[in-house]
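User: I am new to reading protein models. Please walk me through some features, one at a time.

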Amino acid sequence: MSAIVERLKALIGPEMAGPGLAFLAVVLVFGIASPQFLSAATFGSVAFQLPELGLLTLAMLLPILTGGLNLAITFTANTAGLTLAWVLQANGGVEAGPGAFLLGSVLAILVGAASGVVMGLVIAFTRAHPILVSLSMMIFLRGLGEFLTRGGDVSGFPAYLGPLGHGSLLGVPIPLIVFIACVLAWHVLLTRTKLGFNTYMLGSNLEATRYSGINTRKVIVLVYALSGAMCAIAGIIMLARFNSVRIGHGESYLLITVLACFLGGVNPFGGFGRVIPVFVALVVLQLLSSGLNLVGANQHLATAVWGLLLAGVMVLRFVATKFKISFVRKET
């Protein structure tokens, strides 16, 4: 029994405490405030709303672990979605077959990965700050997308894409299945592969990692390429969910993905963090939004509460760090 407990602790990690307590607090508070909160309808709504934000958060997670940031995630996702949309329209629009969808999806992922590769190369070889590089990519993709679409939406897709955005399999939403599969893939990547180990090393100390013989440039390029590819998967899900694509869709998701990472115990300076606590943090944020809606609060209040939550997380981390340092000093 003790072996199982130890394996569970190793899987989850100590950073699970914050998201776990936040989850219990949200469920308790809104469960008392609204009788409808603890219902299948609430959790079903969360299950359908979670994947697109969750996939973008996974795209943000890898760059943060290296000590960087990817501010272009939403525009990369929408650019990839536009790529798929144009392939479908070029092959008949609503009459396009599954082959066109597969081709468009592959091209969309390649476009997303390509944007990440460009950012990674610039960051790796010029040592420019990731915020500036990703901001430049964000502005470029936004301008290019608005130029190509004239600021409008692209719509008119085959009906078989509907289940990918709204369908269920054995009672589980298909977008949620895709998201969980990506969460598991990211978990394996970070805990079982050389790239995952190097990612943590890079975020902990770039110079020490370089002197240890690791090709840090290659790691940075791969990390941003994978981030872009995950953005593309999010863009495909958003296309299927909304049956349209617009270059500016989901702009508000950007800061929420950063909040989810920090709430999930990811170090904002890199080198520390796990996927599973971030997943729980995302669930907490979605439950918080649903709970506020049920008690009649304006949706904009949820955004304000998310901002306060981020500030609170930063304060609690500061206090916890000070307490830990003082405790260690007393022990020594």
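User: How many disulfides does the structure hold?

Analyst: A disulfide is a pair of cysteine sulfur atoms within 2.5 Å. The structure holds 0 disulfides. Two ground rules before we go on. This is a predicted model: local features need pLDDT of at least 70, side-chain atom pairs count only at pLDDT 80 or more, and totals for chains, interfaces and linings use all residues. Residues are numbered from 1 along each chain as its sequence is written, and side-chain values use heavy atoms, with hydrogens and water left out.

User: Is Cys 261 buried or exposed?

Analyst: Buried means under 20% relative accessible area, exposed means over 50%, and partly exposed is in between (1.4 Å probe, protein chains only). Cys 261 has a relative accessible area of 0%, so Cys 261 is buried. Cys 231 is buried too, with a value of 0%.

User: How many residues of helix α12 are buried?

Analyst: Helices are DSSP runs (H or I, at least four residues), strands likewise (E, at least two), and they are numbered from the N terminus. Helix α12 covers residues 253–263, and 10 of its 11 residues are buried. Among them are Tyr 253, Cys 261 and Phe 262. Just after α12, Gly 265 takes a positive phi of about 90°.

User: Which residues form a nonpolar patch on the surface?

Analyst: Patches use residues with over 30% relative accessible area and no salt bridge; like charges are joined within 9 Å, nonpolar side chains (Val, Leu, Ile, Met, Phe, Trp, Tyr) within 5 Å. Areas come from the Shrake-Rupley method with a 1.4 Å probe; for residues, only the protein chains shown count as cover. Here the patch joins Trp 86, Phe 140, Leu 144, Phe 147 and Leu 148, with about 510 Å² of accessible area together. Helix α6 (residues 130–149) gives the most, with 4 residues. Phe 140 is partly exposed, at 49% relative accessibility.

User: How many salt bridges does a search of the whole structure find?

Analyst: A salt bridge puts a side-chain nitrogen of Lys or Arg within 4 Å of a carboxyl oxygen of Asp or Glu. The search finds 6. One of the pairs is Arg 142 with Glu 146, at 3.5 Å, N to O. These two are 4 residues apart in helix α6, so about one helical turn separates them.

User: What else does Arg 142 form a salt bridge with?

Analyst: Glu 251, with the closest N and O atoms 3.4 Å apart. Glu 251 lies in the loop between β4 (244–245) and α12, and Arg 142 in helix α6, so the pair ties together parts that are 109 residues apart in sequence.
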